[in-house]
Amino acid sequence: MAEPIIEFKEVAKSYQRGDRIFYALRHVNLTIHEGEMVVILGPSGAGKSTLLNLLGGMDTATEGSIIFEGVDITKYNDNQLTQYRAKNVGVVFQFYNLIPTLTAYENVALMKEIEENTLDPKKCMEAVGLGEHFHQFPAQMSGGEQQRTSIARALAKNPKLLLCDEPTGALDTETGRGVLELLQKMSSESRHTVIMVTHNSSFADIANKVIRVKNGTVESITINQKPINANEVSW
Ligand SMILES: Nc1ncnc2c1ncn2[C@@H]1O[C@H](COP(=O)(O)OP(=O)(O)OP(=O)(O)O)[C@@H](O)[C@H]1O
């Protein structure tokens, strides 16, 4: 069994709403192992994005501990949290978030300007099957190609955690399946820990671990002994 990469112990995230405290998440206990493909499922407003943001150090917990490789990141100050994100976390969004005035290659290569120890942008683009598209601007690419570019950009950081928020949400089934296959390959072959938030319960079948979130709590965590290949998933 691989080592746990991240653990949540009694984690909560609350907000003050008027004179009340509102919990976006509470009593969250979970363990994610290196190289796992994890799917976080749940209805709108359940707390999925909150969970993803806490995993990525993009938000801070109000209670509990988040242990990454043995260190409690809830104790980090802003600088340490920035370092945590820079070194360990890549994010893929539903609407790609590419810079429209840069080519696909430049969008990926931009990481070199911002982060240390990045991977060769050319190799990252080839890894996602975009070897032929270096010089195209986002507007000249299909949705699937843009999402592959945004995955290549996230991979250029060589992140331990690859966090994906509805990565197929703007894509048709066939193209979405290609993106899921790529993400599954990232976890099984390159040992990236891939954590994906989705509304789509069919994606549970491709994950090693499925975390179901409802009304701000983790309703269940299930392990798939035999995840199906992403090219077989239908929705
Ligand atoms: N900054 C904030 N201030 C106050 N409440 C917030 C804040 N961020 C999130 N919430 C609340 O926390 C709850 C969970 O939100 P979250 O975005 O995590 O849900 P979600 O499961 O990702 O939903 P969706 O699928 O619609 O994106 C919601 O009720 C939301 O209104």
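This report describes a predicted model, moving from the ligand surroundings to the core and then to a few loop residues.

Residues are numbered from 1 along each chain as its sequence is written. Because the model is predicted, local features need pLDDT of at least 70 and side-chain atom pairs count only at pLDDT 80 or more, while totals for chains, interfaces and linings use all residues.

**The ligand and helix H1**

The shell around the ligand consists of residues whose C-beta atom, placed from the backbone, lies within 6 Å of the ligand. Its members are Tyr-15, Ala-24, Gly-42, Ser-44, Gly-45, Ala-46, Gly-47, Lys-48, Ser-49 and Thr-50. Sorted by class, this shell holds three nonpolar, six polar and one charged residues, where Ala, Val, Leu, Ile, Met, Phe, Trp, Tyr, Cys and Pro count as nonpolar, Asp, Glu, Lys and Arg as charged, and the others, Gly among them, as polar.

Helix H1 (residues 48-55) gives the most to this shell, with three residues; helices here are DSSP runs of H or I with at least four residues, strands are runs of E with at least two, and both are numbered from the N terminus. Six of the eight residues of H1 are buried, namely Lys-48, Thr-50, Leu-51, Leu-52, Leu-54 and Leu-55. A residue is buried if 20 or more other C-beta atoms, placed from the backbone, lie within 10 Å of its own, exposed if 12 or fewer do, and partly exposed in between. Just after H1, Gly-57 takes a positive phi of about 65°.

**The nonpolar core**

The largest nonpolar core, a set of buried Ala, Val, Leu, Ile, Met, Phe, Trp, Tyr and Cys residues joined through C-beta atoms within 7 Å, has 61 residues. Among those with the most contacts inside this core are Val-38, Ile-40 and Leu-163. Leaving aside residues up to four places away in sequence, Leu-163 touches Leu-52, Leu-55, Gly-56, Val-89, Val-91 and Ile-195, where contact requires C-beta atoms, placed from the backbone, within 7 Å.

**Three loop residues**

The table gives the place of each residue and its C-beta neighbours inside 10 Å.

| Residue | Loop between | C-beta neighbours inside 10 Å |
|---|---|---|
| Tyr-96 | strand S6 (89-92) and helix H3 (104-114) | 20, buried |
| Asn-158 | helix H5 (143-156) and strand S7 (161-165) | 18, partly exposed |
| Ser-190 | helix H6 (173-188) and strand S8 (193-198) | 13, partly exposed |

Although Tyr-96 is not a glycine, its phi is positive at about 70°, and Asn-158, also not a glycine, has a positive phi of about 50°. Ser-190 lies 7.8 Å from Gly-35, C-alpha to C-alpha, although 155 residues separate Ser-190 and Gly-35 in sequence.

Key
Two residues are in contact if their C-beta atoms, placed from the backbone, lie within 7 Å.
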